[in-house]
Amino acid sequence: MDLSGHNLSAKRIVSMSELSVADIDLILDTAKAMKGISEREVKKAPTLRGRTVINCFMEPSTRTRTSFEISGKRLSADVINISGSGSSLTKGESIKDMMENLEAMKPDLLVIRSAHSGVPLQVAGWIDCPIVSAGDGRNEHPTQSLLDLMTIKETKGKLSGLNISIIGDILNSRVARSNLTAMKTVGCNVTVCGPATLLPRKIEKFADQVTTCRETAVKDADVIMTLRIQRERIGQAKFPSLREYSKHFGLNLKVMEKARKDVLLLHPGPINRGVEISPEVADGPWSSILEQVTNGVAVRMAILYLMTGGVRQN
Amino acid sequence: MSELLIKGGRVIDPSNGINGIFDLLLIDGLVVQVAEDMKSETATVIDATGKWVTPGLIDIHTHLREPGYEYKETIATGSMAAVAGGFTSIACMANTNPVNDNAEVTRLIIETAKREAVANIYVIGAVTKGLNGKQLADIGDMKEAGIVALSDDGKCVGALSVMRSAMEYAGMFGLPIIEHAEDPGLSLGTVMNEGFTSLKLGLPGNPTASEEVIVSRDAVLAGYLDVHIHIAHVSSKGAVRAIREAKERGVRITAEAAPHHFSITDETCDNFNTMAKVAPPLRTDEDVAAIREGLADGTIDCIATDHAPHAVNEKELEFELAAFGISGLETAVPLSLALAREGVMSEEKLIETMTCAPAGIIGIDRGTLSEGAVADVTIIDPNSEWTVDPENFASKGRNTPFAGWRVKGRAVMTIVKGKIVYEC
Amino acid sequence: MASSDLTGDPQGVDSATPVILTATKISQIITRISHEVVERNRDLENLAIIGVITRGAVLANRISAELKKIADIDIPTGSVDTSLYRDDYHRKGPVTEVKDTDIPFALESKTILLVDDVLFTGRTVNAAIRNIFDLGRPKSIQLAVLIDRGHRELPIRPDYCGKNVPTQYVEKIRVRFQESDGTEMVLSGLGEQPAEGEA
């Protein structure tokens, strides 16, 4: 008796390009119900009892790892965290060997974070265990994109037709990449904005508008998303200084005057206060930055619920 | 006395303007005659009806990995891959371990080749010591030991002042410098072509400008010094244009293109396919078209495989960490024959780019069926259809993006110095 | 979820699907059960109603409204979703949509009237009770159902029952309410083998 009308079509979540509108709707609707569990006194449901989730983080991460861990635990899964930086090659073991070893321990789901683009997809080609990406290199960060969509939908009541502006280091951002794909899927109109050095070539094929003018990006936006700026880009000669970046591309109160009154402000975190966003703006009435974190747990619970159920093959 | 009489094949020998049905007689490792309806009581007769009979194919750009990386390839296995692919002569690059930057290593390679190789092995020496881009390698010594060209291939000679010295110094010995044209700064950290696919995959992209600026720079310098510069594995439209313009100015510049660069594009990297990771990177349709045009009009002089074998575990890695390179010797013939079949160039012109043209670039007396020439011969069945299966490669390197491709044309017999070394 | 089957034709009334309850009869049952609730619970102030999503929640609201009429009292009413507490998740996976559990009152020391449309194996009621206990500790739980069709697999019995309907295990009971289905009746018919855990 299939009451849901739609099951998640993907056996892996490694790219937002593999999720349909129906998949996204299902995840967001399920996440809405999951959010209730986080608001209870006893923040736990027995659903995934006996299921094992391995969080394999090959790149340092605090928030995403914690969020995945809490998500699994709130649904009573056994959650194991494996961390290490760089490639397993440093130990003389290839990534493929490592993943085959993890699979041999029979987890029900593998969450993978890597500093290198494409790893979750590659791993999905090597092993049968369901894979969820927790971010890979500059490529994708699908669960971040889903929590962004959830936060937007909660606030705006819809996704389709919204004007969304993403401002910052588009070149190096996996959050921007996943969101550009996902927002196109759900029918948003996306503008990207940043210094020319941080706007990748051919970006016009992904975004509806491309601009280097912050005010243009802010003007008609329903949602503004700023991205974290990393200090190391100065060494790569991408811009002269954090001060100059902040002056020309940061969001401050003066820039926000140009924005709609009901604009929603998002940031994937962690925030560099005073660089890409001024403290008054980060803490202002537009900001839903902490709500994003709460929704992150809900979205990841939804994904665990939708992906680990049923009789496992073999 | 060994005699081979190859009968009834279509002899294509661009060095002598021959293209027709002839017999070819080889005696004691030398070409005796190309003529109609020859008879011999003593010769072993080979029926080549329906086949092409060409001078042994020449590949001036291979990596044989010995010494130092014998797990990837050896001179023996590399030479077997060569003859299986129809090549009778190959030149090997200097990025071994130790680097071939001195006469000892050169002699080691030459002696190993004499002992173990089934094909003719020509040796390329490094331009700079340890490929460091700073001090000149022992170029004079290596010339004495037998090298035919110089290259830091795998790395670009970045500093202009070093390149100038190298050109002047190599010029004294009549050695061409083969440039791996990628600006070290622009290509730093990049793993594929910069474009739509690199953006989609979130991989650091290598701009075509990185190749074009080095080609242009080298052309200016070679013209100024009046020396021979050879551009390896041309990958981009801009580089083709820069070479064409330099040739028009009278610069002594030659160039090669690799089959993968005129057969597939950066879209092959999709799904993080590390088999398509190569330097310089696979580019776009526009670049493929420009390379084909360059080969057709002579801007690009020859085809060279850039055979770069790697072990399986060096490709089954994160894309950004996987090794660059394609095992190319055993797929070059069908991929190149496609150019003639698709009308990009005539069959004679195609064979020229794989025989006398590359021979001329490194100055070796091969690539011809002239009377008295060394009897290196390749017999090609242009219509044989087969499926590329890396498991059947003679090379240790199974790294190819062409696995599973249904292709047409292959060498069915390879003869080195009058001896049949490969037959299928 | 209960026993209702969305894939059936809500208007489909033929010999194979006899009507067990008409709209009028359903209305009478709700009135009767409400009176029984009042009789049994002298302290109505301490009562709260929780319906099992989807049609149990509809029924809960009906009973709540009826109690308002009878006793002039606003009984706090909520709904519970059992998806995350199903005992067949490990066999069948997420086959139902997870809905918001909405219980806008404290459970502590309350007498809970748990409401579902059809009582079958008892597994759904068990899931609902487990969910409720994760949310708080009520004083007691009573169970009201519209139809008890037998085939219990757990020691669960209704405190209030609209109608006992002896059924074959493979039979389907289809409850239709105006609020959820646009029509009002209860049908029965032979269908496919119902899955375990189905009410």
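**Figure 1. Contact between the two domains of chain A in the predicted model.** In this predicted model, 23 residues of domain 1 of chain A are in contact with 20 residues of domain 2 of chain A; two residues are in contact if their C-beta atoms, placed from the backbone, lie within 7 Å. Domain 1 of chain A covers 12-141 + 294-308 and domain 2 covers 143-289, with bounds that come from an automatic or database domain assignment. Taken over C-alpha atoms, the centres of the two domains of chain A are 25 Å apart. On the side of domain 1 of chain A that touches domain 2 of chain A, helix H1 (21-38), strand S5 (131-136) and H12 each supply at least two residues. H12(A) gives the most to this side, with six residues. Helices (H or I, at least four residues) and strands (E, at least two) are DSSP runs, numbered from the N terminus. By class, this side of domain 1 of chain A has 11 nonpolar, seven polar and five charged residues. Ala, Val, Leu, Ile, Met, Phe, Trp, Tyr, Cys and Pro count as nonpolar, Asp, Glu, Lys and Arg as charged, and the others, Gly among them, as polar.

Residues are numbered from 1 along each chain as its sequence is written, and chains are lettered from A and ligands numbered from 1 in the order in which they are written. Since the model is predicted, local features need pLDDT of at least 70 and side-chain atom pairs count only at pLDDT 80 or more, while totals for chains, interfaces and linings use all residues.

**Figure 2. Overall dimensions of chain A.** Chain A has 12 helices and 10 strands. Along the principal axes, its C-alpha atoms fill a box of roughly 60 × 50 × 35 Å. The radius of gyration of chain A is 19 Å, which agrees with the value near 20 Å for a compact globule of 314 residues; the radius is taken over C-alpha atoms, and the globule rule is 2.2 Å times the number of residues to the power 0.38. Of the 314 residues in chain A, 52% are buried. A residue is buried if 20 or more other C-beta atoms lie within 10 Å of its own, exposed if 12 or fewer, and partly exposed in between, with C-beta atoms placed from the backbone. Among contacts in chain A with a separation of 6 or more, 74% join residues 24 or more positions apart.

**Figure 3. Nonpolar cores.** A nonpolar core is a set of buried Ala, Val, Leu, Ile, Met, Phe, Trp, Tyr and Cys residues joined through C-beta atoms within 7 Å. The largest core has 161 residues, of which Ile27(A), Val111(A), Ala302(A), Leu304(A), Ile50(C) and Val115(C) touch the most other members. Helix H12 (residues 289-308) of chain A supplies the largest share of this core, 10 residues. Leaving aside residues up to four places away in sequence, Leu304(A) touches Leu48(A), Val53(A), Ser71(A), Gly72(A), Leu75(A), Ala77(A) and Leu109(A). A second, separate core of 122 residues includes Ile6(B), Cys92(B), Ile229(B) and Val421(B).

**Figure 4. Helix H4 of chain C and its surroundings.** Chain C contains five helices and eight strands, which run β-α-β-α-β-α-β-α-β-β-β-α-β from the N terminus on. Of its 199 residues, 48% count as buried. Helix H4 (residues 123-135) of chain C has 13 residues and should span 18 Å at 1.5 Å a residue; its end C-alpha atoms are 19 Å apart, which agrees. The expected span is 1.5 Å times one less than the number of residues. Among the buried residues of H4(C) are Val125(C), Ala128(C), Ile129(C) and Ile132(C). Strand S2 (47-52), strand S3 (77-80), strand S4 (111-119) and strand S5 (140-148) of chain C are among the elements that cover the buried residues of H4(C).

**Figure 5. Domains of chain B and its contact with chain A.** Chain B is divided into domain 1 (3-52 + 374-383 + 405-423) and domain 2 (55-362). The contact between these domains takes 20 residues from domain 1 of chain B and 21 residues from domain 2 of chain B. S17(B) gives the largest share of the domain 1 side, eight residues. Between chains, 17 residues of chain B and 24 residues of chain A form the contact. Helix H5 (residues 196-201) of chain B gives the most to the chain B side, with three residues. No contact joins chain B and chain C, whose closest C-alpha atoms lie 29 Å apart.
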